[in-house]
Amino acid sequence: MPMPLIGISGSLDADGTRVFLLRAYMEAVQKAGGIPVLLNPSMHEDAAAQCLDRLDGLLLAGGGDVVPARYEEEPIPEIGEQTPLRDEFELRIITLALERKLPTLGICRGVQIMNVALGGTLYQDLPAQYPARSVLIDHRQPKPYEMPTHAVNVQTNSFLFQLVAQKELLVNSMHHQAIKQLAPGLCATAAAPDGVLEALELADHPFFVGVQWHPERLTDTASARLFEGFVKAAACKMNRQ
Ligand code: MN
């Protein structure tokens, strides 16, 4: 049986010499029945469109910070490493993926750039900017990253809930940024106990889901279901073509 092809947008070195991806993303896609392929962030516009035509799903992986100018802000001193080429590429392929109703899963930075792509904003640094700092939990856990460190509450009326079938998930957390203003059209579907948004999705789309945690590093049932749901949506897309 043909397996869906999942394009993954990975990381770039600060000096742009290397494109790379942590293997856990590929293994998680493969385990769920997909074929993972790493995308070239410097492919030109026509190539990107043709590439998206041939993909069955798009995975936006974790990484550094989105350039704040992308959501019309000046950087604050606490901002982390940025790679403008990656921002440009991912904003382009998110638009192409939306036009094609391509199943899209965003992880960590992935959920953040999904929100920015649709017109939302980010906290550039939670400890520096989160309004409810007194209740802010630690979202930057130490290793091992396979160990969950905080809960998230899942909205029971969400597609995410249909996927994971759990109201509360225990997740890992390796981020210092988070969604501030949710983009128009997106729904927040999970939050940490301090109120930090941890998942979003787009209604009227077969699969446009972003999570702030790293399911590719977790071994629980909910994480497996998330990847299985994503690859299944990609398989449906493939069969419609
Ligand atoms: Mn977190």
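Of the 241 residues in the protein chain, 54% count as buried. The model is a predicted one. The chain holds 7 helices and 13 strands. Its radius of gyration is 17 Å, close to the 18 Å that the globule rule gives for 241 residues, so the chain is as compact as a globular protein of that length. The C-alpha trace spans about 50 × 40 × 35 Å along its principal axes.

Contacts tell how the chain is put together. Take those with a separation of 6 or more: residues 24 or more positions apart account for 69% of them. The surface comes next. About 11,000 Å² of the protein chain is exposed, and carbon and sulfur atoms supply 53% of that area. The chain carries 20 positive and 28 negative charges, and the mean positions of the two sets lie 6 Å apart.

Now turn to the metal. A manganese ion is coordinated at 2.3 Å by five donors: His-139 (ND1), His-150 (NE2), Ser-173 (OG), His-175 (NE2) and Glu-198 (OE). Along the chain, these donors follow the spacing H-x10-H-x22-S-x1-H-x22-E. His-139 and Glu-198 link distant parts of the chain, 59 residues apart. His-139 sits in the loop between helix H5 (126-129) and strand S8 (150-154), while Glu-198 belongs to strand S12 (residues 197-202). His-139 counts as buried because its relative accessibility is 3%. Glu-198 is at 0%, so this residue counts as buried too.

The loop between H5 and S8 has other residues to look at. Ile-137 is found there. Its relative accessible area is 27%, which means that Ile-137 is partly exposed. Ile-137 and the metal donor His-150 are 13 residues apart in sequence, and their C-alpha atoms are 8.3 Å apart in space. Leaving aside neighbours within four places in sequence, Ile-137 is in contact with His-150, Ala-192, Pro-193 and Asp-194. Pro-144 is found in this loop as well. A cis peptide bond joins Lys-143 to Pro-144, with omega at about 5°.

Helix H4 (residues 109-117) is next. Of its 9 residues, 8 are buried, so the helix is largely enclosed by the rest of the structure. Among the buried ones are Arg-109, Gln-112, Met-114 and Asn-115. Gln-112 deserves a stop. This residue is buried, with a relative accessible area of 3%. Beyond residues up to four places away in sequence, Gln-112 touches Leu-122, His-175, Gln-177, Ala-178 and Gln-212. One of these, His-175, is a donor to the manganese ion. Just after H4, Gly-119 takes a positive phi of about 105°.

Two more backbone details close the tour. Most residues other than glycine have a negative phi, and most peptide bonds are trans. Ala-165 has a positive phi of about 55° although it is not a glycine. Ala-165 is placed in the loop between helix H6 (159-164) and strand S9 (168-171). With a relative accessible area of 47%, Ala-165 is partly exposed. Asp-204 also has a positive phi, near 55°. Asp-204 lies in the loop between S12 and strand S13 (208-211). Its relative accessible area is 72%, so Asp-204 is exposed.

Technical notes: Residues numbered from 1 in each chain as written. Predicted model: local features only at pLDDT ≥ 70, side-chain atom pairs only at ≥ 80, totals over all residues. Heavy atoms only, no water. Donors = N, O, S within 2.8 Å, 3.2 Å for Na, K, Ca; no water. Helix = DSSP H or I, 4+ residues; strand = E, 2+ residues; numbered from the N terminus. Buried < 20%, exposed > 50% of the residue type's maximum accessible area, 1.4 Å probe, protein only. Rg over C-alpha atoms; globule rule 2.2 N^0.38 Å. Contact = heavy atoms within 4.5 Å. Areas by Shrake-Rupley, 256 points an atom, 1.4 Å probe, with all protein chains shown as cover. Lys, Arg positive; Asp, Glu negative; His and termini not counted. Charge placed at Lys NZ, Arg CZ, Asp CG, Glu CD.
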